[in-house]
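This report looks at how charged side chains are placed in a protein and at the fold that surrounds them. The sequence and the structure come first, and the discussion follows.

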Amino acid sequence: MCRRIFLFAASALLFSSASSPANGNEISKLVADSGVQAGFFVHVGSADAELAQSLKPNAATQVHLLTRDSDQISPLRAKLRAGGHYGEISVDRLDGDLLPYVDNLVNLLIVEDQTGISKDEILRVLVRNGV
């Protein structure tokens, strides 16, 4: 089961990091295809508030964006606040190669910028049956 989960996450990574960044329709499709309907969703490497909104399918979902570019954080937060989404969707800086979560917390993880993040680290933060 663990291998299937990682393969889905890896295919999501490849799908969303192809020649151009993922768009809202692609993200919505990834969420729908994953079968995960709610929980804590993380998008690593995202700098797009509209994209984050498409990652939040319902009120039972919290979304956390992680970016390595600290210059993107304030504008993203401002855009999310202006749209009334900040809180349900939050933004932080990823510094280093460890995801800032306890073990088994993330239900859905989409990684566009995997730089330095190992397979073991991805699997560490995913809940059982997470993708």
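Which side chain of opposite charge is nearest to Glu112, and how many Å away is it? The model considered here is a predicted one, and in it the nearest side chain of opposite charge to Glu112 is Arg68, 12 Å away. Glu112 is buried yet has no salt bridge, a term that requires a side-chain nitrogen of Lys or Arg within 4 Å of a carboxyl oxygen of Asp or Glu. What Glu112 does have is a polar contact of 2.6 Å, which joins its side chain to that of His43.

**Surroundings of Glu112**

Glu112 is placed in the loop between β4 (108-111) and α5 (119-125). Strand β4 is covered on both of its faces, with Leu108 and Ile110 buried on one side and Leu109 and Val111 buried on the other. Strand β1 (residues 39-44) runs parallel to β4, and four bridges join the two strands. Within this pairing, Val44 has Val111 of β4 as its bridge partner.

**Overall fold**

The secondary structure of the protein consists of five helices and four strands, and from the N terminus on these elements follow the order α-α-β-α-β-α-β-β-α. The protein has 131 residues, of which 40% count as buried. When contacts in the protein between residues at least 6 apart in sequence are considered, 59% of them join residues at least 24 apart. The accessible surface of the protein comes to about 6,800 Å², and carbon and sulfur atoms account for 52% of that surface.

**Salt bridges**

In contrast to Glu112, which has no salt bridge, other charged residues do take part in such pairs, and the structure holds seven salt bridges. Three of the pairs are set out below with the distance between their N and O atoms.

| Salt bridge | N to O distance |
|---|---|
| Lys29 and Asp33 | 2.6 Å |
| Glu50 and Lys79 | 3.3 Å |
| Asp95 and Arg93 | 3.6 Å |

The salt bridge between Lys29 and Asp33 is formed inside one element, for both residues lie in helix α2 (residues 24-34), where they are four residues apart, about one turn of the helix. Lys29 counts as partly exposed because its relative accessibility is 46%, and Asp33, also at 46% relative accessibility, counts as partly exposed too.

The salt bridge of Glu50 with Lys79, whose closest N and O atoms are 3.3 Å apart, is one between two helices. Glu50 lies in helix α3 (residues 49-54) and Lys79 in helix α4 (residues 73-82), so this pair ties together parts that are 29 residues apart in sequence. With a relative accessibility of 44%, Glu50 counts as partly exposed, and Lys79, likewise at 44%, counts as partly exposed.

Asp95 and Arg93, whose side chains meet in a salt bridge, fall into two classes of accessibility. Asp95 counts as exposed because its relative accessibility is 59%, and exposed means over 50%, whereas Arg93, at 41%, counts as partly exposed.

Beyond these pairs, Asp103, Glu121 and Arg124 are linked in a network of salt bridges.

Technical notes:
Residues are numbered from 1 along each chain as its sequence is written. This is a predicted model: local features need pLDDT of at least 70, side-chain atom pairs count only at pLDDT 80 or more; totals for chains, interfaces and linings use all residues. Side-chain values use heavy atoms; hydrogens and water are left out. Buried means under 20% relative accessible area, exposed over 50%, partly exposed in between (1.4 Å probe, protein chains only). Contact means heavy atoms within 4.5 Å. Accessible areas come from the Shrake-Rupley method with a 1.4 Å probe; for residues, only the protein chains shown count as cover. Lys and Arg count as positive and Asp and Glu as negative; His and the chain ends are not counted. A polar contact is a pair of N or O atoms within 3.5 Å; within protein, one must be able to donate a hydrogen and the other to accept it, and residues adjacent in sequence count only if both atoms are side-chain atoms. Two strands pair if DSSP finds at least two bridges between them.
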